[in-house]
Amino acid sequence: MAPPSIPSPSPSSRFKYVKHAYYFILSNKMNILFASCVAFLAGAPACLHVPHSNLPPLLLLPSCLALLFLARYFFMNRPTQVYLVDFACFKPALTCLCNKEMLLDRAERVGFLSEESLKLVRKIVDRSGLGPNTYVPEALLEVPPNLALVEARKETETVFFGAVDELLEKTGVDARDIDILVVNCSLFNPTPSLADMVVNRYKLRGNVLCYNLSGMGCSAGVLAADLANHLLKAHPNSYALVLSTENGISSMYWGNNPSMLLVNCLFRMGGSAALLSSHPSDARRSKYRLVHTLRTHVGADDNSYNCVMQQEDDENKVGVALSKELMNVARDALKVHITALGPLVLPISEKLKFLVNLIQRKVLKSKIEGYMPDFRLAFEHFCIHTGGRAVLDRMQKSLNLDDWYMEPSRMALYRFGNTSSSSVWYELAYCEAKGRVKKGDRVWQMAFGSGFKCNTAVWVALKTIDPASNKSPWRDEIHHFPVKVTS
């Protein structure tokens, strides 16, 4: 009986093996080079005699080996660089558009707001800094709104899958090449998790490292990038997919507590996907390199911890309450944060001014205000979380920034509303769409979040971004911006 024939591998299988071999060579090129040199030197000692040299041939071999060991040590101990290959921000369909009139109309027709609360909502909306064309889930536009779990899950799927599909198309990376997945959504955490949902949709590998962050507030987008940064440095030659969103359906408040109504007025539908890489070969095609990440947590203080709190009102309706101390907490957290950030990014001139001011206040007891460094000398672009118009006004005053630097944040708030943890990516997309990002520019992404946290990511542009060839949610309408936001 003839033995069974072994089927030949298909072309797709052969290509897969070639691709794996290519990545193996890239990941281990220094080891391969070192082993090849050692084999050559060990196999040809007789050929190493150098004319007119007093060095005996037998001593030349250990000398060359020592140099190779030093070269290998240098290359293998270089810090792992983390790159932002590209990112994508989700732009919802036209069926999700919601202007101020529609928001107020739905609030009246649903009927849960008292007359006093309705007046407060009108006042907040008029002063919010949001424009006429923001987005909410279609289920919230129904009368009565559809608050089913399946609708909440559908909202997150729509946002994540739309952003990831665009990102994979832009980068050309196969989903099964992703090694690390970090997902953040503060208030919607179903089972299976949102990270599991992404794994199932894109059929990620069984050994993918998954992290599902919840309850971290609006700063979670930057925090997730920081987590991915540490994971990529621990796992060189890897890809990390970072997804950020907030769920509008699950975060809506259906009561009349004034401190809880602000969330309904400011938060909108949106999300982002970012592909980070620790592959050295991605340096040429990536948009940015991650320079610094910094996290500040002031939750040890009770006022800071309680200023943003999900809780029940007097009628047992769940919502997120914002205390009157929020702005002061954000101001104090910013002071602590920039005290740690300044030495990392500021030029020496600003460091000296800060030191002199500190000595005058603490040592000489002079009654002068603390010196706020000029961060415009450290960054060309500022992406400050769109917490609301009042938050942006306070940040602009605290950091002494011109309107031009605050424009990305204010326009992102105007066009897309507060998209929570993904807002800093809409702002960076605005900078790119305006043609502002040049090679070598430094970008500061900063966001505040419940707890209370202030987080930073500092990027340096590796190329000049061409707006015409760069797909973004702003591309088809960037010529309309900036607009003047009236109160």
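Let's start where two helices meet: Met327, Asn328, Arg331 and Leu334 in α13 touch Ala390, Val391, Arg394, Met395, Ser398 and Leu399 in α15. Keep in mind, everyone, that this is a predicted model. If you sort the residues of that contact by character, six are nonpolar, two are polar and two are charged. Helix α13 covers residues 326-345 and α15 covers residues 389-399; their axes come within 11 Å and cross at roughly 35 degrees. The crossing of α13 and α15 is right-handed.

Now over to the sheet. In what order do its nine strands lie? Reading across, we get β5-β4-β6-β7-β1-β8-β13-β12-β11, in an open sheet with mixed pairing. At the edges sit β5 (209-213) and β11 (381-384), and each of these has a pairing on one side only. On average, neighbouring strands are turned by 20 degrees against each other, if we ignore direction.

Let me walk you along part of that order, beginning with β6 and β7. These two run antiparallel and are joined by seven bridges. Within that pair, Tyr239 has Ser277 of β7 as its bridge partner. On to β1, which pairs with β7 in the antiparallel sense over six bridges. Here Phe87 finds its bridge partner in Ala274 of β7. Further along, β8 (residues 288-297) and β13 (residues 453-461) are also antiparallel, with nine bridges between them. One spot to find on your screen is Thr296, which stands opposite Cys454 in β13.

I'd like to stay with β7 for a moment. Why can we call β7 largely enclosed by the rest of the structure? Because seven of its seven residues are buried. As a reminder, side chains in a regular strand alternate between the two faces of the sheet. For β7, one side carries Gly271, Ala273, Leu275 and Ser277, the other carries Ser272, Ala274 and Leu276, and all of them are buried, so both faces are covered.

What about the helices on this sheet? Helix α7, residues 149-171, packs on the sheet and touches β1 (83-89), β4 (180-184), β6 (239-245) and β7 (271-277). The direction of α7 makes about 135 degrees with that of β1. Then there is helix α17, residues 423-433, which lies across β1, β7, β8, β11, β12 (442-449) and β13. Helix α17 runs at about 100 degrees to β1.

To close, come back to β7 once more: β7 pairs with β6 and with β1, and both α7 and α17 reach this strand. Thanks for listening!

Technical notes: Residues numbered from 1 in each chain as written. Predicted model: local features only at pLDDT ≥ 70, side-chain atom pairs only at ≥ 80, totals over all residues. Heavy atoms only, no water. Pairing = 2+ DSSP bridges. Helix = DSSP H or I, 4+ residues; strand = E, 2+ residues; numbered from the N terminus. Axes fitted to C-alpha atoms, helices over the stretch in contact; angles between N-to-C directions. Contact = heavy atoms within 4.5 Å. Buried < 20%, exposed > 50% of the residue type's maximum accessible area, 1.4 Å probe, protein only. Left-handed = near helix turned anticlockwise from the far one by under 90°. Nonpolar A, V, L, I, M, F, W, Y, C, P; charged D, E, K, R; others polar.
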